[in-house]
Amino acid sequence: MTTPLFQSSITSLPLLARGKVRDIYAVDNEKLLIVTSDRLSAFDVILPDPIPRKGEVLTALASFWFDRLAHVVPNQLTGIAPESVVAPNERDQVVGRALVVKRLTPLPIEAVVRGYVIGSGWKDYQQTGAICGITLPAGLKQAAKLPSPIFTPASKAEAGDHDENISFAEAQTRTAAALSSLLAGTGKNGAQLVEEARKAAVQLYTEAANYAAGRGIIIADTKFEFGVDAAGTLHLIDEALTPDSSRFWPADQYCEGISPPSYDKQYVRDYLETLDWNKTAPGPRLPTDVAARTGAKYVEAYERLTGRQLG
């Protein structure tokens, strides 16, 4: 097992950004190196202790889905080994946890697909009977399966803020405003791209959910991100169908009327809820056993979904 990586320290490439989990470096004008750390954020606060193997799981599982679903929509992968773009003494920071990807312009929305009523969707449904303006059948219980998956876009929040559910029309408006200059001359516009994203996202979710069901896992919902190249071609970017971007429920523990157990940060959230902490930075330290059990849940999700051992 590799030593957990809280933050990469690559100096052979320019650092562009550090997100909650990923560090992004410039390879050249057409490619990026994305290093997935073992950082974990809870309640939008990055905690000081890394989760063992989390970055490996996220990278391996996203790569699995990128390969499996490549027929649906182009993706960000270049096939270039990350070890080949950094200095020799930096290779241990990228092995198994980094990808070299195309430089693409992201859509300014989160492409959320829901197959079940849970999370913020459950809150919206309780208040309005709808999610993102999509009216749903009356009388649904928490965690109920929807008649068919729905596309419910969200805004991309600034660091420390929460994403907010928005309507399809609002998603089109925001995308058109953000990408108008990039799309000039491509024959496409923002409204068309969001329609493409909706179609692709629902197909990606449906195929993944059907596959996962055969592995004993329910994908309740998931978040995709899309980007476009200079020609206006839509690509799947960021990560795909991991415990950080999806709700994975063990099928044998699923029940309507409750929030089912999931393969994600559950151990960490449960621990944090026992503390006298106001859920603002800095985050509290994690006991070793809580971090270890959380890491084990991530590994279990990968191995159960893929049928492969992680390293």
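Select helix α1 (residues 54-68) in this predicted model; helices are DSSP runs of H or I of at least four residues, and strands are E runs of at least two, both numbered from the N terminus. Its 15 residues should span 21 Å at 1.5 Å a residue, and the end C-alpha atoms are indeed 21 Å apart, the expected span being 1.5 Å times one less than the number of residues. Residues are numbered from 1 along each chain as its sequence is written. Local features need pLDDT of at least 70, side-chain atom pairs count only at pLDDT 80 or more, totals for chains, interfaces and linings use all residues, and side-chain values use heavy atoms, without hydrogens and water.

Colour α1 by burial next. Of its 15 residues, 12 are buried, so the helix is largely enclosed by the rest of the structure (buried: under 20% relative accessible area; exposed: over 50%; partly exposed: in between; 1.4 Å probe, protein chains only). Among the buried residues are K54, E56 and W65.

W65 leads to the largest nonpolar core, of 66 residues, where W65, F224, F226 and V268 touch the most other members. Such a core is a set of buried Ala, Val, Leu, Ile, Met, Phe, Trp, Tyr and Cys residues joined through side-chain atoms within 4.5 Å. Helix α4 (residues 190-213) gives the most to this core, with 11 residues.

Move to helix α2 (residues 120-128), where G121, W122 and Y125 are buried. Viewed down the axis, these fall within an arc of 100 degrees, so they line one face; the arc is that of directions from the helix axis to the C-beta atoms. K123, Q126, Q127 and T128 are exposed on the other side of α2.
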